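Reader: I would like to go through this model with you and ask how each term in its description is justified. Could we begin once the structure is in view?

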Amino acid sequence: MSWSVYVPYLLVMALITYLVRMLPLTIFRKPIRSRFFRSFLHYVPYAVLSAMTIPGVLYSTGYEPGGDVRLLVCAVAGLAVAVPLAWRGKSLLTVAVAACLGVAAALGLFLLTGQMNL
Amino acid sequence: MQRGLFLRGLRHGVPIALGYLSVAFAFGITATRAGLNPLQALLISMTNVTSAGQLAGVELMAAGAGLTEMALTQLTINLRYALMSISLSQRLDGSMGTLQRMIFAFCNTDEIFAVASAQPERLNKAYCYGLMLGPWAGWSLGTVLGAAAGSLLPAFFRISLGIAIYGMFLAIILPPSRKSRAVRVVVLLSAALAVAFRYVPGLNQVPAGYVIICCAVAAACVGAWRFPVAEEPEGEEAPQA
């Protein structure tokens, strides 16, 4: 990516991310009163991560609509491994690695049975 | 500066650093796939230190999004840090002046917040600096390795690693979803909205960054309206990470 396009993006990302972290830590020194706002903030992380994961995870193997459906199958395999482990509270690293192994297993099966070439 | 506290922080950061190394490696691969070179990927990680925000960020870059969309997306995705920072601000000791708070805020990630919140005593600046160092280094190193070596990796590994970051997200949102019906409702609602924005004709024309904002704000508002959190919020409402 050309630097003239990249640098404004980088500055905006870094600045916003930093201010969101820094301003509350330095300015807010008292607890928030509004129960609705506190509750809203409580649910935001879960809502954000959920919207980012579903349906994005289905495209994590490089599958595109109209593309190779076997890549979609691989992503679903990874998801099928990750969800029960995450549900049971396994660590971030464990779930991430297991998801990769799930994809790798499905992909390996396709390759070994000659149904797919990379 | 107290050497013992610094070393303790450093030690507590090691497992986080190792986890970040691998997830950042996957981010580095994603970043190069979106058209960034290794140095560009590294600079993002060194200055942002956040998985979800960076992932959305490079997607928006690849899509040629506007800077307003980028700013609003980062604001929404990273809004959770505001909550964590507010919570942490109640737990610092006298050594944490404004400058020290400004430095520590830079690395207030989900995992560092979780570890810092779990400390029984108030947080000293030496401990905070030690704690943030390893994860920051691991995150940066992993990114540049993934970006540089990712293109050398056989396609088999690149395809398999793409899901890593989503695995991490699932590990953050599913355990609280299991324990709390409120979180479960918010998570399912947000996912359902995201699916609608992806596949329903018309709705799928909305830019990716705004989709996350719409889903998250709507779902979190419904959560706050239907399931307001109890009066005693401090420290307990961190995502389990």
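**Two helices across two chains**

Author: In this predicted model, α2(A) passes α11(B) in a right-handed crossing.

Reader: What makes this crossing right-handed, and at what angle do the axes cross?

Author: A crossing is called right-handed if the near helix is turned clockwise from the far one by less than a right angle. The axes of α2 of chain A (residues 35–53) and α11 of chain B (residues 181–199) cross at roughly 35° and come within 8 Å, and the crossing of α2(A) with α11(B) is accordingly given as right-handed.

Reader: Which residues make the contact?

Author: From α2(A) come Y43(A), Y46(A), A47(A), S50(A) and A51(A), while α11(B) brings V183(B), V186(B), V187(B), S190(B), A191(B), L193(B) and A194(B).

Reader: How many residues of this contact are nonpolar, polar or charged?

Author: The contact of α2(A) with α11(B) has 10 nonpolar and 2 polar residues, with no charged ones. Tyr, Ala, Val and Leu count as nonpolar, whereas Asp, Glu, Lys and Arg would count as charged.

Reader: What helices and strands does chain B have, and why is chain B called as compact as a globular protein of its length?

Author: Chain B has 12 helices and 0 strands. Its radius of gyration is 19 Å, and the globule rule gives 18 Å for 241 residues, so chain B, being close to that value, is as compact as a globular protein of that length.

Reader: What share of chain B is buried?

Author: Of the 241 residues in chain B, 54% are buried, a term that requires 20 or more other C-beta atoms within 10 Å of the residue's own.

Conventions. Residues numbered from 1 in each chain as written. Chains lettered and ligands numbered in written order. Predicted model: local features only at pLDDT ≥ 70, side-chain atom pairs only at ≥ 80, totals over all residues. Helix = DSSP H or I, 4+ residues; strand = E, 2+ residues; numbered from the N terminus. Rg over C-alpha atoms; globule rule 2.2 N^0.38 Å. Buried ≥ 20, exposed ≤ 12 C-beta atoms within 10 Å, placed from the backbone. Axes fitted to C-alpha atoms, helices over the stretch in contact; angles between N-to-C directions. Contact = placed C-beta atoms within 7 Å.
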